[in-house]
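User: I'm new to this one and would rather get to know a single part properly than skim everything. Please pick one piece and walk me through its surroundings.

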Amino acid sequence: MKLKEADMYGPIKTLLTSQGFIVRGEVKGCDIAAVRGEELWIVEMKLSANLTLIFQAMARKEAAENVFIAVPRPKSGRDKNFRALKKLAKKLELGLITVALDSPAKHAEILIFPEGAGRENKKSAAIKKEIFGRTTDSLGGTSGKKIHTAYRERSVKIACLLESRGAQSAKSLRAMGCADDAYTILRGNPYGWFKKIAKGTYDITEIGQNYLNDNENVSLITYYRMKAAETL
């Protein structure tokens, strides 16, 4: 079976979760972002070490000092290229994680911890906000698929309330637990899920209803439908 970058996500998430991190995939361009207290860790994955991986990891250091590169573990500890990768990671102050994709019990291991102290800036704050804004996760290392961002999740919540309660104003939606940007979401309507039917009043469109019914993310939709039913 052909291996995919996304195959590394599960073992890495398990490893970080066991250490007390909240872990999410595909966050603000990062393959994996994880938060524990004030700590922010970023992991970039590739099935083989290459310059793209190094460039991506170095770019992530603008948002966090704790940046790791992750690759499948080598078949032999004497692998010259892998030993060179370890030396390079240390020189660049990057962490290194290997994933045992060749083992029936796939697991991840941290071989090198990055050096330097963590720092907070606008980029790191935005990544943390996105992590905390998601109820469900997206598979890290994927491409060409819709990512369920915190913004999309807030839109799903609004759509489920409109489906359950009928047309509403942003004020009434906020009173039912929607975020402060409910009006911005309704007015901006990037997914085509909402329509204005009167001044300040919006309802769900056929596109929005079809999205709720297509089971693309059944667990998230079921959760917010249940929450909407509780408001009745």
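Analyst: First, a word on naming: helices (H or I, at least four residues) and strands (E, at least two) are DSSP runs, numbered from the N terminus. On that basis the protein has nine helices and nine strands. What you see is a predicted model, where local features need pLDDT of at least 70 and side-chain atom pairs count only at pLDDT 80 or more, while totals for chains, interfaces and linings use all residues. Residues are numbered from 1 along each chain as its sequence is written, and side-chain values use heavy atoms, with hydrogens and water left out.

For the backdrop, the C-alpha trace spans about 70 × 40 × 30 Å along its principal axes. Of the 232 residues, 44% are buried, meaning under 20% relative accessible area (exposed is over 50%, partly exposed is in between, with a 1.4 Å probe and protein chains only).

Let's zoom in on helix H5, residues 150-165. Its 16 residues reach 23 Å from first C-alpha to last, close to the 22 Å expected at 1.5 Å a residue; the expected span is 1.5 Å times one less than the number of residues. Right after H5 comes Gly166, with a positive phi of about 85 degrees.

Which residues of H5 are buried? They are Ala150, Arg152, Glu153, Ser155, Val156, Ile158, Ala159, Cys160, Leu161 and Leu162. A handy thing to keep in mind when you look down a helix: an α-helix has 3.6 residues a turn, so residues three or four places apart point the same way.

Now for a neighbour. Helix H9 (residues 218-230) comes within 9 Å of H5, axis to axis, and the two cross at roughly 45 degrees. Axes here are lines fitted to C-alpha atoms, for helices over the stretch in contact, and angles run from 0 to 180 degrees between N-to-C directions. That angle makes H5 oblique to H9: under 35 degrees counts as roughly parallel, over 145 as roughly antiparallel, 65 to 115 as roughly perpendicular, and the rest as oblique. From H5, the residues Glu153, Val156, Lys157, Cys160, Leu161, Glu163 and Ser164 meet Leu220, Ile221, Tyr224, Arg225, Ala228 and Ala229 of H9, where contact means heavy atoms within 4.5 Å. Sorted by class, this contact of H5 with H9 holds eight nonpolar, one polar and four charged residues. In that count Ala, Val, Leu, Ile, Met, Phe, Trp, Tyr, Cys and Pro are nonpolar, Asp, Glu, Lys and Arg are charged, and the others, Gly among them, are polar.

H5 also packs against H8, at an angle of about 105 degrees with the axes 10 Å apart. H5 and H8 are therefore roughly perpendicular to each other. Here Arg152, Val156, Ala159, Cys160 and Glu163 of H5 meet Gln209, Tyr211, Leu212 and Asn213 of H8. That contact of H5 with H8 has five nonpolar, two polar and two charged residues.

One residue ties the picture together: Leu212, which sits in H8 (residues 206-213). Leu212 is buried, with a relative accessible area of 0%. Leaving aside residues up to four places away in sequence, Leu212 touches Ala159, Cys160, Glu163, Ile204, Ile221 and Arg225. Ala159, Cys160 and Glu163 are on the H5 side of the contact with H8, while Ile221 and Arg225 are among the H9 residues that meet H5.
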